[in-house]
Amino acid sequence: MDNQLKDFIIPVFIPHAGCPNKCVFCNQNSVTGIQNKIPSQEELSRIITSFLNYKGKNRGRVQIGFYGGNFLGLGIDKIEQLLCVAAKYVTDGLVDSIRFSTRPDTIDNNKLDFLKNFPVSTIELGVQSMDDSVLAQARRGHTSSDTKNAVDLLKKKSFNIGLQMMIGLPGDDESRSVSTAWRISELSPDFVRIYPTVVLAGSPLAGLYKKGKYVPLSLEEGVSITKKAYLVFRENNIRVIRMGLQATDDLREGTSILAGPYHPAFGHLVYSEIFLDNIIGVLKSESVLPEEITIRVHPASVSRLRGLKNGNIGKIKRLFDIKSVRVVPDLSLTPDGFLMKSKT
Ligand code: SF4
């Protein structure tokens, strides 16, 4: 958690474009909720211009982001066409830079040299796991060494690097996920995203799930494992900019997800569980259990501390037989911290 101004990202979805692969969990049309493929130059201009109308004042960098496909897997002509349109907005001072996501095995020196002709600042890699047996079972078609090599090349060319990992893939478990978080931390990315695996209709995983060959994580397990991975990144001072799938309309209606730990406020659940763990830790160390407690917390973290529907408050009261739990906003605290006062 931090107080930095949020970047304003104009998302341009290129579902499954540039990708020869069929990862076991992927049905890009379900993820993006868009059936079209790559936008034409005119369509791209329309998308960018219309999003710019929604740009508020208190924003960080403005970026155009190409998501949902394998950007560097597009033909060089197509990449150039898209980047030329996007770059014009940077030249005109309306946008600060460009970002995109791509597979680790699409990064090479030639492509990175070509990108240096454009204002591309940030590249995100779909790492998913640093365990080669999990990658093989997910049919990713690349290994953890591809990721390491890609990150080395991106660092040499001074790109901002985002790494995306998944939890709950076939063959994965808590210790493998935590180990992936550590190995990603060793690569020192600028930020990470953590996605729990869900079973999307139309994905190969849906077939395995229906045959009973894949059992998804429950929401509780998904939150708990994500929390452990998040804490590894926090310990290593690596920003986690997202936990859980983006709530597009398609996902909210529940039409595309067959099973798995999806929740529209997944990240909130993770942060809430961290507060709950920490408060339980403090209360367990008290020699005499209090009747009333007051918890001071940064105003931005009040709802995280309370938990969904005040769930954390209810649990604290039940577990420790506490009559009253007061939550008081306190701007002097960091968003992760809290101060507890007890009355016996
Ligand atoms: S590489 Fe990305 S777009 Fe391609 S199949 Fe895998 S998840 Fe889908």
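These legends describe close-up views of one predicted model. Local features need pLDDT of at least 70, side-chain atom pairs count only at pLDDT 80 or more, and totals for chains, interfaces and linings use all residues. Residues are numbered from 1 along each chain as its sequence is written.

**View 1. Two domains make up the assignment of this protein.** Domain 1 covers 8-264, and domain 2 covers 282-343. These bounds come from an automatic or database domain assignment. The centres of domain 1 and domain 2, taken over C-alpha atoms, are separated by 35 Å.

**View 2. Eleven residues surround the ligand.** The closest are His16, Cys19, Asn21, Cys23 and Cys26. A residue is near a molecule if its C-beta atom, placed from the backbone, lies within 6 Å of it. By class, the shell holds three nonpolar, six polar and two charged residues. Ala, Val, Leu, Ile, Met, Phe, Trp, Tyr, Cys and Pro count as nonpolar; Asp, Glu, Lys and Arg count as charged; the others, Gly among them, count as polar.

**View 3. Seven strands form an open sheet with parallel pairing.** The strand order is 1-2-3-4-5-6-8. Strand 1 (8-13) and strand 8 (239-243) are the edges, and each pairs on one side only. From one strand to the next, the twist averages 20 degrees. Strands (E, at least two residues) and helices (H or I, at least four) are DSSP runs, numbered from the N terminus. Two strands pair if DSSP finds at least two bridges between them. Strand 3 (residues 97-102) and strand 4 (residues 120-128) are joined in the parallel sense by five bridges. Arg99 has Thr122 in strand 4 as its bridge partner.

**View 4. Helix 2 (residues 41-52) packs against helix 3 (residues 76-91).** Their axes are 10 Å apart, at an angle of about 35 degrees. Axes are lines fitted to C-alpha atoms, for helices over the stretch in contact, and angles run from 0 to 180 degrees between N-to-C directions. Gln41, Leu44, Ser45 and Ile48 of helix 2 meet Gln81, Leu82, Val85 and Tyr89 of helix 3. Residues are in contact if their C-beta atoms, placed from the backbone, lie within 7 Å. By class, this contact has five nonpolar, three polar and no charged residues.

**View 5. Three strands form an open sheet with mixed pairing.** Their order is 11-10-12. The edges are strand 11 (324-329) and strand 12 (338-343). Strand 10 (residues 292-297) runs antiparallel to strand 12, with six bridges between them. Arg296 has Leu339 in strand 12 as its bridge partner.

Definitions and conventions
Contact = placed C-beta atoms within 7 Å.
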